Each structure stands twice: as structure tokens, then as C-alpha cells.
Amino acid sequence: MKRFLVLLVCMGVMVLAGCGGKEEPAETKKPVTMEEVKKETGEAAQTAEAYTRQQMDEYRQRVQAKLEDFDKKLDEMRAKTEKMKKEARAEMEQQMTELRKKREEAAKELEKMQSESGKAWEDIKTGLDSALDEMDKAYQQAASRFK
């Protein structure tokens with residue numbers, strides 16, 4: 001679907017570009033061949049696909065950095081938890097277990113993204129954004145207990 005839209009936009013741009021400017025005499029115009037259209041359409045599709053891959057790679061790197069940062073925060077929280085009294089420590093360890101579970105869910109969504117493209121990638125990105133938001137909220141809630 002996305003490729004079709006890119007194709008449609010590219011063809012529209014080509015049509016609009018052809019509408020402007022000076023018209024050449026009819027006898028000097030070279031007819032457009034099907035091969036030229038296929039070639040240009042293929043190039044447009046390849047460009048759109050390369051752009052999507054680039055966006056995916058950049059997003060994947062940002063998410064990986066967030067997960068690594070979250071791991072550091074969990075390690076810091078674990079160190080603080082060890083200094084707590086027994087009852088409070090048990091409660092915090094339970095919350096940390098939930099935080100680790102949310103982190104693993106986000107990591108699994110990131111793994112899914114490795115093999116997807118196009119519309120499926122957008123769906124996974126939406127789910128991953130949601131998982132990261134939940135992870136951050138849960139961490140903030142747990143971290144507020146140390147203040």
C-alpha cells in the first residue's frame with residue numbers, strides 16, 4: 001500500500017513537472033516508453049524502501065539506547081533496594097521484577113522490528129512506543145519510593 005502511494009506521488013510529480021514550461025514542437029517530443037516508466041517507478045520504489053530502512057535503523061538505535069539506559073537505572077535501583085529494610089525490600093524487588101518484565105517486552109518488540117517493513121513496521125513501532133512509555137511510567141513510580 002505504501003509503495004503504491006509512493007508510486008502514485010512520483011507519477012503525479014512527473015505529470016506536474018511535464019505540464020509546466022515551454023512546449024516543444026510536436027515533432028521533437030520523444031514518446032515515453034513503458035520501459036522508462038517501469039525504470040523510474042522501480043527507482044522510486046527503491047528510494048522509498050531505502051528511506052524506510054534508514055528510518056527503521058535510526059529508530060532501532062534510539063530504542064536500543066533507551067533500553068541500555070533503563071538497564072543502568074535498574075542496576076542503580078537494585079543497589080538502593082539492598083539497603084532497604086526487609087519488608088520494603090520485598091516490595092521493591094517485586095516492582096523491579098515487573099520493571100524487568102516490561103523491559104523484556106520492549107526488547108521483544110524491538111526484535112520483531114528487525115524482520116518487518118512497511119506498514120507492519122509502523123504497527124510494531126506504535127506498539128514499541130507504547131511499551132517504552134509503560135516501562136518509563138512504571139520506573140518513575142518505583143523510583144519515587146526512594147525519594
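Buried means under 20% relative accessible area, exposed means over 50%, and partly exposed covers what lies in between. The legends below use these words for a predicted model.

**Figure 1. Overview of the predicted model, a protein with four helices and zero strands.** Along the sequence the pattern reads α-α-α-α. Of the 147 residues in the protein, 22% are buried. Among contacts with a separation of 6 or more, 74% join residues 24 or more positions apart. The accessible surface amounts to about 11000 Å², and carbon and sulfur atoms account for 54% of that surface. Nine salt bridges are present in the structure; some of them appear in the close-up views that follow.

**Figure 2. A nonpolar surface patch formed by Val32, Met34 and Val37.** The patch covers about 280 Å². Val37 belongs to helix α2, which spans residues 34-81. The relative accessibility of Val37 is 31%, so Val37 counts as partly exposed.

**Figure 3. The salt bridge between Arg60 and Asp57.** The closest N and O atoms of this pair are 2.7 Å apart. Both residues sit in helix α2, and because they are three residues apart there, about one helical turn separates them. Arg60 has a relative accessible area of 13% and is therefore buried. Asp57 has a relative accessible area of 35%, so Asp57 is partly exposed.

**Figure 4. The salt bridge between Asp69 and Lys73 in helix α2.** Here the closest N and O atoms lie 3.6 Å apart. The two residues are four positions apart in the helix, about one turn. Asp69 is partly exposed at 38% relative accessibility. Lys73 is also partly exposed, with a relative accessible area of 26%.

**Figure 5. The salt bridge between Lys125 and Asp129, and a network of other residues.** The side chains of Lys125 and Asp129 meet at 3.5 Å, N to O. Both residues lie in helix α4, residues 118-143; because they are four residues apart, the separation is about one helical turn. Lys125 has a relative accessible area of 23% and Asp129 has 29%, so each is partly exposed. Asp71, Arg103 and Glu104 are joined into one network by salt bridges that share partners.

Note on methods:
Residues numbered from 1 in each chain as written. Predicted model: local features only at pLDDT ≥ 70, side-chain atom pairs only at ≥ 80, totals over all residues. Heavy atoms only, no water. Patch = residues over 30% accessible without salt bridge, like charges linked within 9 Å, V, L, I, M, F, W, Y side chains within 5 Å. Areas by Shrake-Rupley, 256 points an atom, 1.4 Å probe, with all protein chains shown as cover. Salt bridge = Lys/Arg side-chain N within 4 Å of Asp/Glu carboxyl O. Buried < 20%, exposed > 50% of the residue type's maximum accessible area, 1.4 Å probe, protein only. Contact = heavy atoms within 4.5 Å.
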